[in-house]
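Hello! Here are my notes on the model you sent over, set out as numbered points so that you can follow them with the structure open beside you.

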Amino acid sequence: MKKILPALVPGFAVGVLQIVPMLKSFACCLLIPLAGFFSVTLYQKSTGSENKIGISKGIVLGLFTGIFAAVFTSLFEIFITLITKSNDLVLTYNELIQTMDSLPFDAALKQQVIDLMGSMKTEIQTTGFSLLYSFTIIFNNFLTNTIFGMIGGAIGAQYVNSKFKRNNHVE
């Protein structure tokens, strides 16, 4: 449990923060790497070790942090959508259609994408759940959160190791 808890705590925290509308836009480039960073520092404190942490260990901690963040974010997003029968797709549907119309794709392809988004919007507004929307949210969260979590974990390991070098440097 000591090995998972340092990744679970920041992963859960980011999962909660990613639901907040204003913070959602900072999630992939700021919150997730910070969570990966904190998982490494929490790991070092939980083990009580003053030794260096390998970059691979930092990447693994960041990976688990990203996985936990993706799980919690997806669950919260799907649950809130189920209750409110609204989400970002429903709120920005007209802007998405305008964006699709401006893209240089074949008209038939544009129409298929518009129809797909329209069916997701309708399902969400009527039942509060869309299987396709849920799948895309889960896939997107797992992809982005694990990548940026690993980056944060690697940076955290580098930071911990540089702190270790400074404290043990003898002049």
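Does Ile55 count as buried or partly exposed, and at what relative accessibility?

1. Let me take that residue first. This is a predicted model, and in it Ile55 counts as partly exposed, at 33% relative accessibility. For a residue to be called buried, the relative accessible area has to be under 20%, while exposed means over 50%, so the 33% of Ile55 falls in between. Ile55 belongs to helix α4. Setting aside residues up to four places away in sequence, Ile55 touches Ala154, Ala157 and Gln158. If you would like a distance to check, the C-alpha atoms of Ile55 and Glu77 are 32 Å apart, with the two positions 22 residues apart in sequence numbering.

2. Now for the fold as a whole. The protein chain has eight helices and zero strands. Following the sequence from start to end, you will read the pattern α-α-α-α-α-α-α-α.

3. On overall dimensions, the radius of gyration of the protein chain is 20 Å, whereas a compact globule of 171 residues would come out near 16 Å. Along the principal axes, the C-alpha atoms fill a box of roughly 70 × 35 × 25 Å. You may like to keep both values at hand when you turn to the domains below.

4. The domain assignment divides the protein chain into domain 1 (1-85 + 128-171) and domain 2 (86-127). Please note that domain 1 is written as two segments, 1-85 and 128-171. The C-alpha centres of domain 1 and domain 2 lie 31 Å apart. As for the contacts between them, twelve residues of domain 1 meet eleven residues of domain 2.

5. A word on surface and burial. About 10,100 Å² of the protein chain is accessible surface, and carbon and sulfur atoms account for 71% of that area. Of the 171 residues, 37% count as buried. When contacts between residues at least 6 apart in sequence are considered, 75% of them join residues at least 24 apart.

6. For the charges, the protein chain carries 12 positive and 9 negative side chains. The centres of these two sets are separated by 19 Å.

7. Gly153 deserves a look of its own. Gly153 sits in helix α8, which covers residues 131-167. With a relative accessibility of 0%, Gly153 counts as buried, because the cut-off for that label is under 20%. Beyond its neighbours within four places in sequence, Gly153 is in contact with Gly36, Phe37, Val40, Gly58, Ile59 and Gly62. One of these partners, Gly62, is 91 residues away along the chain, yet the two C-alpha atoms are separated by 4.2 Å.

8. Phe38 can be viewed together with Gly153. The C-alpha atoms of Phe38 and Gly153 are separated by 7.9 Å, with the two residues 115 apart along the chain. Phe38 is part of helix α3, residues 27-47. Its relative accessible area is 43%, so Phe38 is partly exposed.

9. Over in helix α7 (residues 107-127) you will find Met117. Met117 counts as buried, at 12% relative accessibility. Leaving out residues up to four places away in sequence, Met117 touches Leu89, Tyr93, Leu96, Ile97 and Met100. For Leu89, the C-alpha to C-alpha distance to Met117 is 8.0 Å, across 28 residues in sequence.

10. One backbone angle is worth checking. What is the phi of Lys85? Lys85 has a positive phi of about 55°, although it is not a glycine. Most residues other than glycine have a negative phi. Lys85 is placed in the loop between α4 (55-84) and α5 (88-91), and with a relative accessible area of 36% Lys85 is partly exposed.

Definitions and conventions. Residues are numbered from 1 along each chain as its sequence is written. This is a predicted model: local features need pLDDT of at least 70, side-chain atom pairs count only at pLDDT 80 or more; totals for chains, interfaces and linings use all residues. Side-chain values use heavy atoms; hydrogens and water are left out. Helices (H or I, at least four residues) and strands (E, at least two) are DSSP runs, numbered from the N terminus. The radius of gyration is taken over C-alpha atoms; the globule rule is 2.2 Å times the number of residues to the power 0.38. Buried means under 20% relative accessible area, exposed over 50%, partly exposed in between (1.4 Å probe, protein chains only). Contact means heavy atoms within 4.5 Å. Accessible areas come from the Shrake-Rupley method with a 1.4 Å probe; for residues, only the protein chains shown count as cover. Lys and Arg count as positive and Asp and Glu as negative; His and the chain ends are not counted. The place of a charge is taken as NZ of Lys, CZ of Arg, CG of Asp or CD of Glu. Domain bounds come from an automatic or database domain assignment.
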